[in-house]
Every structure is written in C-alpha cells, then in structure tokens.
Amino acid sequence: MEMLLHDLTITDADFQRLVQFIHKNYGIDLSKKRQLITSRLSQSLKVQGYTDFRTFLEKLFKEKDPQDLELVLNKLTTNYTYFLREKDHFTYFQKTILPELAQRHQRDKVLAIWSAGCSSGEEPYTLSIYLKEFFGPQAPQWDTRILATDISQQAMAKAKAAIYQPPADMPVDWLHRYFVPSKTKPGQYTMAPAIRDNVIFRTFNLMDPIKFRLKFDVIFCRNVMIYFDQSTRDALVRRFYDALTPGGYLFISHSESLGQTPLFRMVSPAIYRKVNASSHAMQGVKKP
C-alpha cells in the first residue's frame, strides 16, 4: 500500500509529448495541467503495474490502444453533468426555438438536434422530454430524434444504460411520465422508452470532420470547449457553423464564450444564432 501513496513522476519531455499527442488528436489543451495529469493518472498506472510514466506513454503512442486512450481521456476530463443544467437554456429552447422550428418544418416534420459532448446522457434526455412536452399528442407524427455524441466510450455506456438518480427539483409529473423506478436500486430510475428511443448515441471526436446526413437546426455543445485552446475553439465553431441550417442555433455554457466572431450573433446568454452567408456578406455595406 505504501507505493500507492506517491504519484509517479513525469519528465518534462514526456509531459510535452503527452500534451502534444492529446492536443493533436482530441483538441484538449493540457499544457497547464501537469499536476492534474500526474495526480489523476498515477494510481491507475500503478495498479496496472507501471512504475513510471514513460513506459506507459511509449505503449500509448505506439499502439494507441483504445483502453489506454479511454483511461487517459476519462482521467483528464470531467464527465460531470445533470438534468436541467442551465435551465434557462431549456426555457429558451421550449418557448422560442421550438415554436419557430415547428412552423418551419410543418411539411417534413423532421427536426435535427445534436447534443455534442453529451457525457452521461442527461442533456439529450432532457431535450427529449422537452420535445415530448412541446409536441404532446402530435409527437408520434414528428421525427425529433436527437443525435448525442461523446468521445468517451465509458460515458456512452452510461448514457445508453440510462440509469439515474434524478435531482430533487425534477418536476413530479415528469418523474411519473418519463422515468421508470428501478426494481433493484431504490431511488434510481431508468428513462421511459419513449424518451430513450428518441436519442441516438454515437461515439464521435469533435476534432473530426462533421459529415452527418442532415444539417442541424440546433447544436448543444456545453462545457466542452473549456478544454480547448483558442485556435481549436475557433476551428470547431467554424465547423459548427457549416453543420447548421441557415439561422440555426448553437448553445454553449455560461462559462464559455465564442469571442468576437462574425459567424454567430448572441440572442440570449450563451445562445447564438448562425449569421446567414448573405447577411454576413452584406455586413458593412451601406444601403444606398
């Protein structure tokens, strides 16, 4: 037990190699996280029999074993989320965006919504509940399936299992309608099939090209870009812009900012709307 009490040390060279590897492949900026890396990874590596970082990193860089990559990503990022997080976002989604989308898609009855970096699934399931609440009896006539993606296989497994302990402020009628009490775990619930089946989970790296079949009406990407440096954020925001329909919406967290960008205009705190190419081109052009 004595050995487990002390963190492994990482050399300057190995630290820089790890920082560059993670940044290149996943966009995550760990350049100022040296202490976090050693403290969060040391115990797991020692349990696996490693006595230093270098041996593990050589294997990681050479083999890119999915389990090793998963270990690093899960230890160095925080899969923390909960139902109704930043509730004002869902209120805006329900009262402003959904009525607009329902009118716009009255003919095809297809909405395209993406929860990017969905972690353990609470965000897309919350969105699914709001969609059911909004459309009510008409919900079966609409295709409102939400795409939910995350880089972590562990987070995906938890999201698909859909077993939760809902927060105390969860509306009681929602708890009755959309959650099924666990028969084996008191206080825990699974999502009702109607909500669960309305979410499609996929493992996806946000550094990869975004090539989904449909353009999105709405993208939620909250508490994800906090891990990226400015150039990575800028590039991702550009990819989100290209992946959205004209006038589409992008939600980020209140702790994040898009900065000065001509691609989006803020319509509410941490909620942005895509500036269409035509109006974008007209900016700065004086009317005769």
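The second largest pocket of this predicted model holds about 330 Å³ of space. Its lining comprises 14 residues. Closest to the centre of the pocket are Arg145, Leu147, Ile200, Arg213 and Leu214. Two elements each give two or more residues to this lining: strand E2 (146–150) and strand E6 (199–203). By class, 10 of the lining residues are nonpolar and four are charged. No polar residue takes part in the lining.

Helix packing was examined next. Two packed helices are described by the angle between their axes and by the distance separating those axes. Two helix pairs, both involving H3, are described here.

The first pair joins helix H1 (residues 12–26) to helix H3 (residues 53–63). Their axes lie 11 Å apart, and the packing angle is about 30 degrees. Angles under 35 degrees count as roughly parallel, so H1 is roughly parallel to H3. The crossing of H1 past H3 is left-handed. On the H1 side, the contact is made by Asp14, Arg17, Leu18 and Phe21. H3 supplies Arg54, Leu57, Glu58, Leu60 and Phe61. This contact of H1 with H3 contains five nonpolar and four charged residues. Polar residues are absent from it.

The second pair is formed by H3 and helix H4 (residues 66–76). Here the axes come within 9 Å. They cross at roughly 120 degrees. That angle lies outside the ranges for roughly parallel, roughly antiparallel and roughly perpendicular, so H3 and H4 are oblique to each other. Their crossing is left-handed. From H3, the residues in contact are Phe56, Lys59 and Leu60. These meet Asp68, Leu69, Leu71 and Val72 of H4. By class, the contact of H3 with H4 has five nonpolar and two charged residues, with no polar ones.

Leu60 of H3 takes part in both contacts, meeting H1 as well as H4.

Conventions. Residues are numbered from 1 along each chain as its sequence is written. This is a predicted model: local features need pLDDT of at least 70, side-chain atom pairs count only at pLDDT 80 or more; totals for chains, interfaces and linings use all residues. Side-chain values use heavy atoms; hydrogens and water are left out. On a 1 Å grid over the protein atoms alone, a cavity is a set of points where a 1.4 Å probe fits but cannot get out, and a pocket is an open set with protein on both sides within 12 Å along at least five of seven lines; lining residues have an atom within 4 Å of a point. Grid points are joined across faces, edges and corners, and a volume is the space filled by probe spheres set on the points. Helices (H or I, at least four residues) and strands (E, at least two) are DSSP runs, numbered from the N terminus. Ala, Val, Leu, Ile, Met, Phe, Trp, Tyr, Cys and Pro count as nonpolar, Asp, Glu, Lys and Arg as charged, and the others, Gly among them, as polar. Axes are lines fitted to C-alpha atoms, for helices over the stretch in contact, and angles run from 0 to 180 degrees between N-to-C directions. Angles under 35 degrees count as roughly parallel, over 145 as roughly antiparallel, 65 to 115 as roughly perpendicular and the rest as oblique. A crossing is left-handed if the near helix is turned anticlockwise from the far one by less than a right angle, and right-handed if clockwise. Contact means heavy atoms within 4.5 Å.
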